[in-house]
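Got your viewer open? Here is a stop-by-stop tour, with something to select at each step.

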Amino acid sequence: MEEVILVDESDNEIGKEEKLKAHKEGKLHRCFSILVFNPKEELLIQKRSKNKYHSGGLWANTCCSHPKPGEITEIAAHRRLKEEFGFDCELKPIFNFTYKKTFDNGLIEHEFDHVFMGVTNSKPQPNKEEIEDFKWVPIEELKKDIKENPENYAYWFKIIVDKLKK
């Protein structure tokens, strides 16, 4: 049983909950999102597997997930990057935000999101259970496509891209 860390609006830990139950009840919990760029300043984005419990088949940031209870968020980010793309790189926190979104399947994402950024020369080796496709894309091209085709992108990713100063 996978659990998430429940938090208050200031990201103070207040408990833990089974992941799917937290998403069914819309409980605020901690998550992280990773943005990895290459030296050409292109962002690595992934098309989420259609088998995901929500937002399957949509384009999203390099990687995202939830730290496990007792796990430091930055350590979880490195763990998940290796699990999803088969590489690791230095990550630095760039901002946090909270969002709440109800999906068509009734699940509710109510998350305190820690956003990390990194740079790599590594060749992605995507985990096919998690990732349907991936590509490197310049930020300006991505912003233009999100504006023209917002339905192709995960809800939280559109918020992140909008907050990027790059």
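**Stop 1: the last helix**

Start by selecting Asp-162, which is exposed, with a relative accessible area of 66%. The cut-offs here are under 20% relative accessible area for buried, over 50% for exposed, and partly exposed in between, with a 1.4 Å probe and protein chains only. Asp-162 sits in helix H4 (residues 155–163). Helices (H or I, at least four residues) and strands (E, at least two) are DSSP runs, numbered from the N terminus. Now draw a C-alpha to C-alpha distance from Asp-162 to Pro-39: you get 22 Å, for two residues 123 apart along the chain.

Before going on, some ground rules: this is a predicted model, in which local features need pLDDT of at least 70 and side-chain atom pairs count only at pLDDT 80 or more, while totals for chains, interfaces and linings use all residues. Residues are numbered from 1 along each chain as its sequence is written, and side-chain values use heavy atoms, with hydrogens and water left out.

**Stop 2: zoom out**

Show the whole thing as a cartoon. You should find four helices and nine strands, running β-β-α-β-β-β-β-α-β-β-β-α-α from the N terminus. The radius of gyration is 15 Å, close to the 15 Å that the globule rule gives for 166 residues, so the protein is as compact as a globular protein of that length. (That radius is taken over C-alpha atoms, and the rule is 2.2 Å times the number of residues to the power 0.38.) Along the principal axes, the C-alpha trace spans about 40 × 30 × 30 Å.

Color by burial next: 52% of the 166 residues are buried. Then try a contact map, with contact meaning heavy atoms within 4.5 Å. Of the contacts between residues at least 6 apart in sequence, 63% join residues at least 24 apart.

**Stop 3: a hairpin's worth of distance**

Select Asp-104, in the loop between strand S7 (91–102) and strand S8 (108–119). Asp-104 counts as exposed, at 88% relative accessibility. Its C-alpha is 38 Å from that of Asn-121, although the two are 17 residues apart along the chain.

**Stop 4: two positive phi values**

Jump to Asp-11, in the loop between strand S1 (3–7) and strand S2 (13–18). Is this one buried or exposed? At 14% relative accessibility, Asp-11 counts as buried. Check its backbone too: phi is near 70 degrees, a positive value in a residue other than glycine.

Glu-41 is another non-glycine with a positive phi, about 65 degrees. Look for Glu-41 in the loop between strand S3 (29–37) and S4.

**Stop 5: Glu-42 and its neighbors**

Step along to Glu-42, in strand S4 (residues 42–48). Glu-42 counts as buried, at 18% relative accessibility. Which residues does Glu-42 touch, not counting those up to four places away in sequence? They are Val-36, Phe-37, Trp-136, Val-137 and Pro-138.

Show side chains and you can pick out a polar contact, 2.7 Å, between those of Glu-42 and Asn-38. Such a contact is a pair of N or O atoms within 3.5 Å; within protein, one must be able to donate a hydrogen and the other to accept it, and residues adjacent in sequence count only if both atoms are side-chain atoms.

Finish on Glu-140, in helix H3 (residues 139–148). Glu-140 is exposed, with a relative accessible area of 54%. The C-alpha atoms of Glu-140 and Glu-42 are 9.6 Å apart, with their positions 98 residues apart along the chain.
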